[in-house]
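I opened a fresh page for this one and wanted to see how its helices sit together. Here is the model I was looking at.

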Amino acid sequence: MDLYDMPDGAIAAAIGGKVRKMRLEQRASMRAFACKAGVTPYALEQVESGKGGSVSALIKILRSADALDMLSDLMSEDYTGVRCKKNKLKKEEPGYNMVW
């Protein structure tokens, strides 16, 4: 699976599916799992469905599932982040001086 070829919604749905699978493996109801994670059932439902949620909610959910290691690549000292292609807008175009 090449993440770069997947649309954002598909990635979110895959992450949500993994979170749901972890919850079900623990035989936890949505309400109980959300309570354990310190998030609302709505926040958990949003993450599980791939429709939204926050990074904070995802971290709390992964922590409660003993799955924070899933974020280890992002937390690595070797992680260099995203490199953007050089902006090819002309000076008169909106967004030319946008700072990333």
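My notes below go through two helices, the core and one arginine.

**Ground rules.** I am working with a predicted model, where local features need pLDDT of at least 70, side-chain atom pairs count only at pLDDT 80 or more, and totals for chains, interfaces and linings use all residues. Residues are numbered from 1 along each chain as its sequence is written, and side-chain values use heavy atoms, with hydrogens and water left out.

**Entry 1: α1.** I took helices as DSSP runs of H or I with at least four residues, numbered from the N terminus. I checked the length first: the 18 residues of α1 should span 26 Å at 1.5 Å a residue, and the end C-alpha atoms are 26 Å apart, which agrees. The expected span is 1.5 Å times one less than the number of residues. Next I asked which residues of α1 are buried (under 20% relative accessible area with a 1.4 Å probe, protein chains only; exposed is over 50%, partly exposed in between). I found Gly16, Val19, Met22 and Arg23. Down the axis of α1 they fall within an arc of 115°, so they line one face of the helix. The arc is taken from the directions from the helix axis to the C-beta atoms. These buried residues pack against α2, α3 and α4, with contact meaning heavy atoms within 4.5 Å. After α1 comes Arg27, with a positive phi near 55°.

**Entry 2: Arg23.** An arginine on that list made me look twice. At 6% relative accessibility, Arg23 does count as buried. A polar atom of its side chain lies 3.0 Å from the backbone oxygen of Ala28. Leaving out residues up to four places away in sequence, Arg23 touches Ala28, Ser29, Met30, Phe33, Leu44 and Glu48.

**Entry 3: α4.** I repeated the exercise on residues 55-64, where Ala57, Ile61, Leu62 and Ser64 are buried. Their arc is within 160° down the axis of α4, so they too line one face. Val55 and Arg63 are exposed on the face turned away from that buried side. The buried residues pack against α1 (8-25), α2 (30-37) and α3 (41-49). Asp66 follows α4, again with a positive phi near 55°.

**Entry 4: the core.** Where do the helices meet? The largest nonpolar core (buried Ala, Val, Leu, Ile, Met, Phe, Trp, Tyr and Cys joined through side-chain atoms within 4.5 Å) has 15 residues. Val19, Met22, Phe33, Val39, Leu44 and Ile61 have the most contacts inside it. α1, α2, α3 and α4 each give two or more residues to this core. Phe33 touches Leu44 and Ile61, among others.

Definitions and conventions: Polar contact = N/O pair within 3.5 Å; in protein donor to acceptor, adjacent residues only side chain to side chain.
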